[in-house]
There are 4 protein chains.
Amino acid sequence: MQFAIHGFHKTKISEIVKEANVTQPTFYLYFKSKEAVFQELVDVFKEKLYHHVAQSKLPADVAEEGLMERIAYGLRAVFELFQQNEEVARIGFVVSEEATTIKAEMTAQIESNLTEEARLGYFHTNVNFSVVAAAMVGAIEYLAITKLWTGSHTPDELAEEITQLFLHGLKI
Amino acid sequence: MQFAIHGFHKTKISEIVKEANVTQPTFYLYFKSKEAVFQELVDVFKEKLYHHVAQSKLPADVAEEGLMERIAYGLRAVFELFQQNEEVARIGFVVSEEATTIKAEMTAQIESNLTEEARLGYFHTNVNFSVVAAAMVGAIEYLAITKLWTGSHTPDELAEEITQLFLHGLKI
Amino acid sequence: MQFAIHGFHKTKISEIVKEANVTQPTFYLYFKSKEAVFQELVDVFKEKLYHHVAQSKLPADVAEEGLMERIAYGLRAVFELFQQNEEVARIGFVVSEEATTIKAEMTAQIESNLTEEARLGYFHTNVNFSVVAAAMVGAIEYLAITKLWTGSHTPDELAEEITQLFLHGLKI
Amino acid sequence: MQFAIHGFHKTKISEIVKEANVTQPTFYLYFKSKEAVFQELVDVFKEKLYHHVAQSKLPADVAEEGLMERIAYGLRAVFELFQQNEEVARIGFVVSEEATTIKAEMTAQIESNLTEEARLGYFHTNVNFSVVAAAMVGAIEYLAITKLWTGSHTPDELAEEITQLFLHGLKI
DNA sequence: TATGAATGAGAGTTCATTCAT
DNA sequence: AATGAATGAACTCTCATTCAT
């Protein structure tokens with residue numbers, strides 16, 4: 001879908017319909033307007049994303065040994081969502097105007113998760129979780145763009161690496 | 001500058017010149033085209049950024065105790081560059097088409113730095129530095145947008161938090 | 001019928017067929033084109049109108065006392081035609097392009113009637129019957145629109161009032 | 001002006017600008033939209049019309065002998081307005097959607113004038129002034145179209161004839 | 001007889017860009 | 001150095017009309 005590649009403004013109806021081998025009026029047979037079809041895509045993605053993030057919150061009884069795996073699991077799910085819905089994810093997370101809002105919402109959710117998880121004793125508390133959450137969201141976005149959607153890394157690999165990094169850091 | 005706020009396509013020459021209190025033809029006395037002026041801004045930023053990142057590479061003789069501070073120093077410099085050149089940074093790092101390339105270049109530079117630094121023994125080596133570098137760039141971008149340019153955090157605070165996170169992780 | 005309400009241009013085939021609970025191609029099974037069906041409606045009305053107006057001419061032997069009633073009779077017939085065929089009358093007399101021609105034809109007929117009637121001694125001759133005829137047609141049209149089709153007045157009432165006005169005037 | 005001839009929907013920007021020997025974008029240099037320029041014309045006319053009609057109300061002290069002249073005077077003024085502003089009058093009184101409202105307003109004003117004048121003893125009161133007012137407005141409109149704007153009659157002649165007709169009627 | 005699906009032609013509008021002065 | 005006035009090219013969207021079935 002052209003929107004995912006070019007964003008809203010550079011995407012022309014004429015190109016969309018050419019790709020689909022139909023004429024312009026046909027587009028309006030199926031969609032109310034350029035804006036409407038774009039928004040629909042955004043909404044579909046938003047729905048899915050929020051659902052995934054909400055589910056990635058750690059439960060109360062994760063054992064010390066299983067912690068890392070459990071975190072990686074949540075991240076992997078997000079990366080898989082991004083992989084299986086690349087176009088719609090690109091639109092909703094990167095190119096749409098609403099992407100800002102969507103990422104802000106995701107950040108807030110992650111911050112809330114982290115805070116709760118810290119209270120459960122999983123993490124230490126001398127960090128600003130709002131900053132950490134934003135760092136995670138930024139990292140996820142950019143990794144999706146450069147490592148996932150390029151095909152160079154799998155969701156599994158990325159989740160693994162990121163978990164390792166955010167859990168233990170680089171320091172020996 | 002309108003470009004920083006609205007991006008290339010939504011920014012109209014008519015708005016630019018209105019803001020500058022001149023007429024449209026005057027614009028073309030000073031710039032070859034809409035595209036050219038935009039490119040000029042991008043180039044200015046690119047130059048500065050690459051310079052800063054290159055300088056943030058750790059030297060060979062940092063003492064154990066000073067490591068963290070030295071890393072924070074490099075990050076702080078980048079955030080300060082972003083703060084002092086918000087508009088041009090927004091354009092070159094976020095809204096321009098070339099932003100992709102610029103961030104890729106920065107990522108490569110950071111990866112190279114990390115690899116070298118690991119070889120110097122600062123970090124352990126069982127992580128994929130290409131992934132870590134991308135995570136850092138993504139984090140930096142999103143923190144700039146949500147924490148720096150909103151005025152909620154200073155370059156210093158952000159550098160501090162990020163260093164802490166990337167060095168030691170969240171785990172207790 | 002949509003034409004009567006919205007006129008030719010604002011009436012869409014898509015609306016017509018929706019109202020009739022058929023699809024667009026079905027329309028073209030029954031009518032050659034949008035224009036053709038409109039024209040058909042106009043023709044139907046034109047036929048009826050000319051017939052009525054021709055019949056409203058006063059015969060030669062109307063008694064002094066019956067004159068007013070005889071005139072009112074003709075007018076009433078026209079208003080009744082308009083009332084019983086509101087849609088088609090609206091189209092043929094108001095919204096169609098041909099309405100101009102139709103009203104011109106009606107005006108000419110009335111003028112001819114008046115001239116003849118004046119020669120029979122019913123009216124005085126120091127007025128321009130072409131102007132009077134046009135005034136009548138204009139009055140009839142606007143009264144149909146504002147008093148008849150709104151339901152506020154009956155054909156009878158309108159015929160009565162108009163006859164009184166055109167026969168004796170307002171002056172005491 | 002094309003609007004006066006063809007009405008709003010059949011008038012194309014492309015025709016307007018062709019008539020003016022400029023290109024389509026030039027149109028938008030001077031007018032906000034097709035709709036806006038049309039509305040502006042309507043408003044200009046409305047203003048003028050209401051002013052004239054309001055002024056045509058008879059004062060309290062018209063002498064018996066001067067009555068007819070005084071009435072003709074008011075009508076003449078309206079026809080002169082129509083003549084001197086043919087295009088805008090056509091638009092505001094005939095082809096615009098608002099024409100309905102404008103004529104209704106004018107009718108109401110005339111009815112009010114007539115009622116008042118009858119109370120002053122100028123006219124007898126056994127007629128429905130609402131119907132008479134509508135008849136007048138309809139007559140005025142159609143006479144403007146067929147006798148004034150065709151050039152066949154002057155405002156003076158039309159005012160004279162109409163006054164005679166509405167004051168004394170056709171009856172000998 | 002009826003239609004789901006499609007379209008050619010053209011509407012109004014916007015915008016970066018350029019003359020003539 | 002500066003501009004008022006204009007435009008080419010392109011855009012989104014609409015609508016009467018027609019296939020293939």
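Author: To compare two copies, superpose them by least squares on the C-alpha atoms of residues with pLDDT of at least 70 in both. Keep in mind that this is a predicted model.

Reader: By what turn and what shift can chain A be laid on chain B?

Author: The turn is 179°. The shift along the axis is 0.0 Å, and the RMSD is 0.3 Å. That is the relation of a two-fold axis.

Reader: And what RMSD, turn and shift lay chain D on chain C?

Author: Chain D goes onto chain C with an RMSD of 0.4 Å. The turn is 179° and the shift along the axis is 0.0 Å.

Reader: How confident is the predictor in chain A?

Author: Look at the mean pLDDT. For chain A the mean is 91. In that chain, 99% of the residues reach 70 or more. Then go element by element. In chain A, α8(A) has the highest mean pLDDT, 97. The lowest mean, 88, belongs to α1(A).

Reader: How many helices and how many strands does chain A have?

Author: Chain A has nine helices and zero strands. Read from the N terminus, its elements run α-α-α-α-α-α-α-α-α. For the overall dimensions, use a box along the principal axes. The C-alpha atoms of chain A fill one of roughly 60 × 30 × 25 Å.

Reader: Now the interfaces. How many residues does each chain bring to the contact of chain A with chain B?

Author: In general, the size of an interface is often given as the accessible area lost when the parts come together. Here we count residues instead. Chain A brings 31 residues and chain B brings 31 residues.

Reader: Which elements of chain A each supply at least two residues to that side?

Author: They are α1 (2–10), α8 (129–148) and α9 (155–168) of chain A. The most comes from α8(A), with 12 residues. Now sort the side of chain A that touches chain B by class. There are 17 nonpolar, nine polar and five charged residues.

Reader: Why can we say that chains A and B meet through the same surface?

Author: Compare the residue lists. Of the interface residues of chain A, 100% are also interface residues in chain B, so the copies meet through the same surface.

Reader: What do chains D and C each give to their contact?

Author: Chain D gives 31 residues, and chain C gives 31 residues. On the side of chain D that touches chain C, α1 (2–10), α8 and α9 (155–168) of chain D each give two or more. The largest share, 12 residues, comes from α8(D). By class, that side has 17 nonpolar, nine polar and five charged residues. Again, 100% of the interface residues of chain D are also interface residues in chain C, so these copies meet through the same surface.

Reader: How far apart are the closest C-alpha atoms of chains A and C?

Author: They lie 13 Å apart, and no contact joins chain A and chain C. For chains B and C the closest C-alpha atoms are 34 Å apart, and no contact joins that pair.

Reader: At what angle do helix α9 of chain C and helix α8 of chain D pack?

Author: The angle is about 70°, with the axes 10 Å apart. Angles from 65 to 115 degrees count as roughly perpendicular. So α9(C) and α8(D) are roughly perpendicular to each other. From α9(C), the contact uses C:Leu158, C:Glu161, C:Ile162 and C:Leu165. From α8(D) come D:Val131, D:Val132 and D:Ala135. By class, the contact of α9(C) with α8(D) has six nonpolar, no polar and one charged.

Reader: How do α6 and α7 of chain B cross?

Author: Their axes come within 6 Å and cross at roughly 90°. That makes α6(B) roughly perpendicular to α7(B). On α6(B), the contact is made by B:Gly92, B:Phe93, B:Val94 and B:Val95. On α7(B), B:Ala99, B:Ile102 and B:Lys103 take part. This contact of α6(B) with α7(B) has five nonpolar, one polar and one charged residues.

Reader: Which residues come nearest to DNA strand E?

Author: There are 30 residues around DNA strand E. Nearest come A:Pro25, B:Lys34, C:Pro25, D:Pro25 and D:Ser33. Among the elements that give two or more residues to the surface near this strand are α3 (24–30) of chain A and α3 (24–30) of chain C. That surface has 12 nonpolar, 12 polar and six charged residues.

Reader: And which are the closest to DNA strand F?

Author: DNA strand F is surrounded by 30 residues. The closest are A:Pro25, A:Ser33, A:Lys34, B:Pro25 and D:Pro25. By class, the surface near DNA strand F has 12 nonpolar, 12 polar and six charged residues.

Notes:
Residues are numbered from 1 along each chain as its sequence is written. Chains are lettered from A and ligands numbered from 1 in the order in which they are written. This is a predicted model: local features need pLDDT of at least 70, side-chain atom pairs count only at pLDDT 80 or more; totals for chains, interfaces and linings use all residues. Two residues are in contact if their C-beta atoms, placed from the backbone, lie within 7 Å. Helices (H or I, at least four residues) and strands (E, at least two) are DSSP runs, numbered from the N terminus. Ala, Val, Leu, Ile, Met, Phe, Trp, Tyr, Cys and Pro count as nonpolar, Asp, Glu, Lys and Arg as charged, and the others, Gly among them, as polar. A residue is near a molecule or strand if its C-beta atom, placed from the backbone, lies within 6 Å of it. Axes are lines fitted to C-alpha atoms, for helices over the stretch in contact, and angles run from 0 to 180 degrees between N-to-C directions. Angles under 35 degrees count as roughly parallel, over 145 as roughly antiparallel, 65 to 115 as roughly perpendicular and the rest as oblique. pLDDT is the predictor's confidence in each residue, from 0 to 100.
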